[in-house]
Amino acid sequence: MNAGTLEQLAENPLVEGLERPPVPPTSIVIFGATGDLARRKLLPAIYNLAHEGMLAERFHLVGVARQELSNHEYRAMAREAIQAHSRRVPDPAVLERLLEDACYTAGGFDEPALFDRLREALEGFERADALPLNRLFYLSTAPEFFALIVSLLHAYGLSRPVDADARVVIEKPFGNSLEQARRLNEEVLSVFEERQVFRIDHYLGKETVQNLLALRFANYLFEPIWNRNYIDQVQITAAEDVGVGSRAGYYDHTGALRDLVQNHMLQLATLLAMEPPAGFGADDVRNEKVKVLTAIGAPSPERVDDVAVRAQYGPGFIASEPVPGYLDEPGVRPGSTTETYAALRLDIRSWRWAGVPFYLRTGKRLARRLTEIAVTLKPVPYLPFADQGSLGVTPNQLVLTLQPDEGVSVTLVGKIPGPRMVLRPVKMEFLYGATFLSQSPEAYERLLFDAMRGDATLFTRADEVEGQWRICDPIVRAWEATPGPLPQYPAGSEGPAEAAKILLPGHRWRAL
């Protein structure tokens, strides 16, 4: 873009805010390139970035996996994956340009020859382009390969390109315990600097999650009441109506707490509860999130039963169709005590939040698919219209919906038309699709774009990961030490009745 074009953009208010920050010339290497995540999320995200003109002019894609494929076969697989899973119908010209020089390297992640071939491929792109290229290594593999791949990238000279930068994106789970997370951090940070490490949590790439920051810090309407004086409780829900499906082998050794609470849901809690940062640089935001995690602390072993509940789904009905219980799913161990439902009550020991419970719950085979944050304000101290009548009047609520329909709603109390002062709840709603008349980008699009630019604001830092594990570790240990069977809830229901025991008096779970 030349100086004249930039000057025209600056003078045109209609394009204000639409200029995109530049992406440096980059080669992306996807380890686990034939896996489900790469095919369903990463490749479509890269295509949509290309479609929007958000990739560098010099961009190259390299796939790495065990399966033997030629470059031609990998391009065909990538094309098929993009056509099947892209949020928009692919443009043939854009797709052809994106994949025209994509290459594939086959081998085991512990084979030295693989990294020799990978280095040759990356250096070949740099020679052809006659300029240095940043390298983004995306580890879409089983967790046991994370440290191994990082160490071999270093051993074979791939982590320190000349006159360019290298970055590594690491998928969850980042460790399976606090001890494992610490050890993995040590191994990764012995090769890369913290600024080069992008521990990905795809929830942070969702528009509504980012809008939470805008809602809090760009609207004076909310921040004065964002404290214990006005807020009664917070509920964060991540409900799924699907079962474990083909993931039983992974899920049965993980469970709901590790799969969603330890990462996604605690991240949502920190964004909701953090203090206003001094700026919106990566470390400004992440410093405040770490303070929240520190204030939450960890439950003592004797308090785990008071603040945490687990359960498994039993047989039931989803969309009027019968479905089996968890213990009858293929691949689940007989008598497994892995939880498919987890609920926690968090107490944040800070001046702003003391006494306000944060309730987190997640589960599979629940009544419907829903991810939301619900902030409930305290009731008014006196309702002068009570003798006139009201229909289900409740305290005001602010609800941020992440899925299925991204948006924000506020529940107020309004008067029903007529001669008498009769009240009922009414809703003010903002939906992304209806307001902006455009489809929100997928979370992986934003996160890949930021990783290529080196912006780590929406990624978790080493001390964040360890802070999340400090909260969850005592719960995991207490549950592992307690024999089953677990409480059951019917598939298609609101969850186990036992979940109510962690609620404070007068509170109840929001209906799904």
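Lining residues of a cavity are those with an atom within 4 Å of one of its points. The structure treated here is a predicted model.

**Exercise 1.** Determine how many cavities of 30 Å³ or more the whole structure holds, and how much space lies in the largest cavity.

*Solution.*
1. The search over the whole structure returns two cavities at or above the 30 Å³ cut-off.
2. The largest cavity encloses about 130 Å³ of space.
3. Its lining consists of 13 residues, and those closest to the centre are Lys-172, Phe-174, Ile-200, Asn-263 and Thr-460.

**Exercise 2.** Identify which helix supplies the largest share of the lining of the largest cavity, and describe that lining by class.

*Solution.*
1. Two helices, H10 (255-273) and H15 (462-480), each contribute at least two lining residues.
2. The largest share comes from H10, with three residues.
3. Sorted by class, the lining comprises four nonpolar, five polar and four charged residues.

**Exercise 3.** Name the residues that line the second largest cavity, and state which element gives the most to this lining.

*Solution.*
1. The second largest cavity holds about 30 Å³ of space.
2. Its lining is formed by Glu-240, Tyr-251, Ala-256, Asp-259, Leu-260, Thr-340, Thr-362, Gly-363 and Lys-364.
3. Helix H10 and strand E12 (357-363) each provide at least two of the lining residues.
4. H10 gives the most, namely three residues.
5. The classes are represented by three nonpolar, three polar and three charged residues.

Technical notes. Residues are numbered from 1 along each chain as its sequence is written. This is a predicted model: local features need pLDDT of at least 70, side-chain atom pairs count only at pLDDT 80 or more; totals for chains, interfaces and linings use all residues. Side-chain values use heavy atoms; hydrogens and water are left out. On a 1 Å grid over the protein atoms alone, a cavity is a set of points where a 1.4 Å probe fits but cannot get out, and a pocket is an open set with protein on both sides within 12 Å along at least five of seven lines; lining residues have an atom within 4 Å of a point. Grid points are joined across faces, edges and corners, and a volume is the space filled by probe spheres set on the points. Helices (H or I, at least four residues) and strands (E, at least two) are DSSP runs, numbered from the N terminus. Ala, Val, Leu, Ile, Met, Phe, Trp, Tyr, Cys and Pro count as nonpolar, Asp, Glu, Lys and Arg as charged, and the others, Gly among them, as polar.
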